[in-house]
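Student: I would like to learn how to read a few local features in a structure. Please take them one at a time, with the general idea before the case.

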Amino acid sequence: MKDFTLISYRRLILALKDAGYAFLPRVEFANHQGEKVVCLRHDVDLRAANSLRTAQLEHELGVRATYYFRVVPESNQPDIIRAIADLGHEIGYHYEDMSIADGNVQAAYAHFCEQLAYFRTFYPVRTICMHGAPTSRYDGRDLWRTFDYHSLDITCEPYLDLDYARVFYLTDTGRSWDGYNVSVRDKIPVYQDEWIRRGLAFHSTEQIVNALRDEHSPLRLMSESVLITTHPQRWTDQSGLWLRELLLQSAKNVVKRLLIRLRK
Ligand SMILES: [Zn+2]
């Protein structure tokens, strides 16, 4: 079976539902860490139209998720942001202001505030999430060494505010569920090793679905909540786009491995 299609995504949601998970948008999730809840976080890096399809599917299944939009035109498409918000999903800001401002903290913060105000014209944004481009020299989170997003009525930044002792994290970065080896920034140090040791490591979506359907699997027996990040641009039933993502990501993973080796 082809992975990273809307068909496999639907199977994942249904398996989570059958396993008894409640679905919470990001803004509510933070207050329920350690409970049987799951948050579906979507980073709209590219091809915003794909995110609308994911959002419609979730809506059909009675599930609310969270969509993080970037300021770049491939992501920032007002009609799509509005349509996704209208389906009842949470909207947040996928920020990369440090890269845009080329490391100038003051300029980056001014840009952040401006863009936050812009996204708040669509939705009362309360959560943010860093866009971790592997090719950028800057870590977006460095902004928060100088400034405090809580003063802007932001309640949660997932890399900084979640307690990973109570939250198990899965991400499709690298177009697999075990891409932490090729990810420069989208990973949770220390806890990741512990999860692998406990058998909480998955490659394909079907492996997660099978674990969710097996009462004795480590995934079913764990006490953590679940945070799942996906990039909807790679989840598609259209063969051409699907193949393009597969080939593109394989090439990107080679480059990312190289980057990681260079940084060591
Ligand atoms: Zn991103």
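Student: Leaving aside neighbours within four places in sequence, which residues is Arg 70 in contact with?

Tutor: Keep in mind that this is a predicted model. Outside that sequence window, Arg 70 contacts Val 44, Asp 45, Ser 75, Asn 76, His 94, Glu 96, Phe 119 and His 131. The residue itself sits in the loop between β3 (66–69) and α4 (78–86).

Student: Is Arg 70 buried or exposed?

Tutor: The cut-off for buried is under 20% relative accessible area. Arg 70 has 11%, so it counts as buried.

Student: Which polar partners does the side chain of Arg 70 have? I have Asp 45 and Glu 96 in view.

Tutor: One of its polar side-chain atoms lies 2.9 Å from the backbone oxygen of Asp 45. With Glu 96 the link is between side chains, a polar contact of 2.8 Å.

Student: Next, the metal. What coordinates the zinc ion?

Tutor: On the general side, ideal angles at a metal are 109.5 degrees for four tetrahedral donors and 90 or 180 degrees for six octahedral ones. Here the zinc ion is coordinated by Asp 45 through OD, His 94 through NE2 and His 131 through ND1, at 2.1 to 2.2 Å. Asp 45, His 94 and His 131 also appear in the contact list of Arg 70.

Student: What spacing do the donors of the zinc ion follow along the chain?

Tutor: The pattern is D-x48-H-x36-H. Asp 45 and His 131 are 86 residues apart and link distant parts of the chain. Asp 45 is in the loop between β2 (37–44) and α3, and His 131 is in the loop between β5 (128–130) and α7 (158–161).

Student: Why does His 131 count as buried?

Tutor: Because its relative accessibility is 14%, and buried means under 20%. Asp 45 is buried as well, with a relative accessible area of 10%.

Student: Now helix packing. At what angle do α1 and α3 pack, and how far apart are their axes?

Tutor: Two packed helices are described by the angle between their axes and the distance between the axes. For α1 (residues 6–18) and α3 (residues 48–60), the angle is about 35 degrees and the axes are 11 Å apart. The crossing is right-handed.

Student: Which residues make the contact of α1 with α3?

Tutor: From α1 come Leu 6, Tyr 9, Arg 10 and Ile 13; from α3 come Arg 53, Thr 54, Leu 57, Glu 58 and Glu 60. By class, the contact has four nonpolar, one polar and four charged residues.

Student: How should I read a positive phi? What is the value for Phe 4?

Tutor: Most residues other than glycine have a negative phi. Phe 4 has a positive phi of about 60 degrees although it is not a glycine. Its place is in the segment before α1, and with a relative accessible area of 2% it is buried.

Student: What is phi for Val 190, and is Val 190 buried or exposed?

Tutor: Phi of Val 190 is positive, near 70 degrees, and the residue is not a glycine. Val 190 lies in the loop between β6 and α8. It is exposed, at 65% relative accessible area, whereas Phe 4 is buried.

Student: Last, contacts across sequence distance. Which residues does Phe 168 touch, not counting those up to four places away in sequence?

Tutor: The idea is to set separation along the chain beside separation in space. Phe 168, in strand β6, touches Trp 195, Leu 200, Phe 202, Leu 219, Met 222, Glu 224, Ser 225, Val 226 and Leu 227. The C-alpha atoms of Phe 168 and Ile 228 are separated by 8.5 Å, with their positions 60 residues apart along the chain. Phe 168 counts as buried, at 1% relative accessibility.

Student: Where is Tyr 191 found, and which residues does it touch beyond four places in sequence?

Tutor: Tyr 191 is in helix α8 and touches Asp 163, Tyr 164 and Ala 165. Tyr 191 and Tyr 169 are 22 residues apart in sequence and 9.2 Å apart from C-alpha to C-alpha. At 32% relative accessibility, Tyr 191 counts as partly exposed.

Terms used
Residues are numbered from 1 along each chain as its sequence is written. This is a predicted model: local features need pLDDT of at least 70, side-chain atom pairs count only at pLDDT 80 or more; totals for chains, interfaces and linings use all residues. Side-chain values use heavy atoms; hydrogens and water are left out. Axes are lines fitted to C-alpha atoms, for helices over the stretch in contact, and angles run from 0 to 180 degrees between N-to-C directions. Helices (H or I, at least four residues) and strands (E, at least two) are DSSP runs, numbered from the N terminus. A crossing is left-handed if the near helix is turned anticlockwise from the far one by less than a right angle, and right-handed if clockwise. Contact means heavy atoms within 4.5 Å. Ala, Val, Leu, Ile, Met, Phe, Trp, Tyr, Cys and Pro count as nonpolar, Asp, Glu, Lys and Arg as charged, and the others, Gly among them, as polar. Buried means under 20% relative accessible area, exposed over 50%, partly exposed in between (1.4 Å probe, protein chains only). A polar contact is a pair of N or O atoms within 3.5 Å; within protein, one must be able to donate a hydrogen and the other to accept it, and residues adjacent in sequence count only if both atoms are side-chain atoms. Donors are N, O and S atoms within 2.8 Å of the metal (3.2 Å for Na, K and Ca); water is not among the atoms, so sites may look incomplete.
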